[in-house]
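Here's a pair of exercises on pockets and what lines them. Grab a pencil and have a look at the model below.

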Amino acid sequence: FGTHGASNLAQRFSEALLALFRQDMDDADAPFMRSPTGAMKRWQASRRRAQERTGRPPCAAGPSRCEQMRLYAAHMYTDDPIFLVVGVDRALRALRVWRTLTERVGLIMAAPEKRSLGTHALWLGVLFVMSLGLVIVPKDKLLRASHAIADTLKGAAPFHRYRALCGLLEHLRAVNLRGKNVMHGLYRPHEEQGSGRFGPAALVRCSDLMRKQLLRWHHLLRESAAVSVLAAVKRDEVRPPPGLDIR
């Protein structure tokens with residue numbers, strides 16, 4: 001958005017916009033969720049139980065406003081929205097609802113060539129293949145990271161390029177499922193006495209720890225090309241907490 005602190009300010013606006021979209025989409029979808037078949041009734045019953053387990057308000061008599069019963073999802077990072085829907089008809093409804101909302105609010109949309117529609121989409125620099133449940137990093141990102149690491153190890157990377165490299169590695173860390181420890185020591189040039197104090201064109205000099213971590217990242221890049229979305233639901237934090245009974 002071109003201003004300092006934009007991600008914080010813009011995110012608040014984006015979350016408000018999504019809240020309006022969900023209200024309108026729930027209303028548009030409600031007629032198609034009524035009078036369900038036997039299989040649909042069983043599915044709705046299971047989603048009501050799921051809603052109760054989340055601690056959120058229970059589902060009302062109808063499916064409207066029941067988060068766990070929605071057949072769509074909407075997310076947004078600053079100015080980049082992504083929508084997931086079940087079925088072609090619902091996709092058309094979502095497009096109409098979003099278009100009506102953005103026109104009502106007076107927003108200027110991105111150019112058509114930046115938009116995606118289909119079973120996969122590029123969002124936040126990575127490719128989401130919904131039907132296969134895969135998140136794929138484009139090859140150019142991996143090559144850019146590899147070249148930047150090699151230049152940094154040779155002492156030929158200016159600070160502005162190294163700073164971009166750190167942001168890219170943080171992005172890839174979500175794909176290769178590594179902890180924050182893989183970035184330990186790599187922010188030394190950003191410190192008050194680091195290379196960055198001489199400006200964006202200053203060359204970055206590697207400490208021993210930085211060199212060790214960057215060499216480690218050379219190997220991690222091989223594990224950063226793609227990941228299954230199932231990796232997100234196999235982590236310990238999504239499992240029910242163990243019970244503790246003290247008598």
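**Exercise 1.** Work out which helices and strands each supply at least two residues of the lining of the second largest pocket, then describe that lining.

*Solution.* Start with the elements: strand 4 (126–129), helix 5 (159–176) and strand 6 (226–228) each put in at least two residues. Helices (H or I, at least four residues) and strands (E, at least two) are DSSP runs, numbered from the N terminus. This is a predicted model, where local features need pLDDT of at least 70, side-chain atom pairs count only at pLDDT 80 or more, and totals for chains, interfaces and linings use all residues. Residues are numbered from 1 along each chain as its sequence is written, and side-chain values use heavy atoms, with hydrogens and water left out.

Next, the top contributor: helix 5 gives the most, with four residues. Now the whole lining: 18 residues, with Phe128, Val135, Ala174, Val227 and Ala232 nearest the centre. A pocket here is an open set of points on a 1 Å grid over the protein atoms alone, where a 1.4 Å probe fits, with protein on both sides within 12 Å along at least five of seven lines; lining residues have an atom within 4 Å of a point.

**Exercise 2.** Do the same for the largest pocket: which element gives the most to its lining?

*Solution.* Helix 3 does, with eight residues. Helix 1 (6–33), strand 2 (80–85), helix 3 (88–105) and strand 3 (120–123) each supply at least two. In total, 38 residues line the largest pocket, and Pro81, Ile82, Phe83, Arg115 and Ser116 lie nearest its centre.
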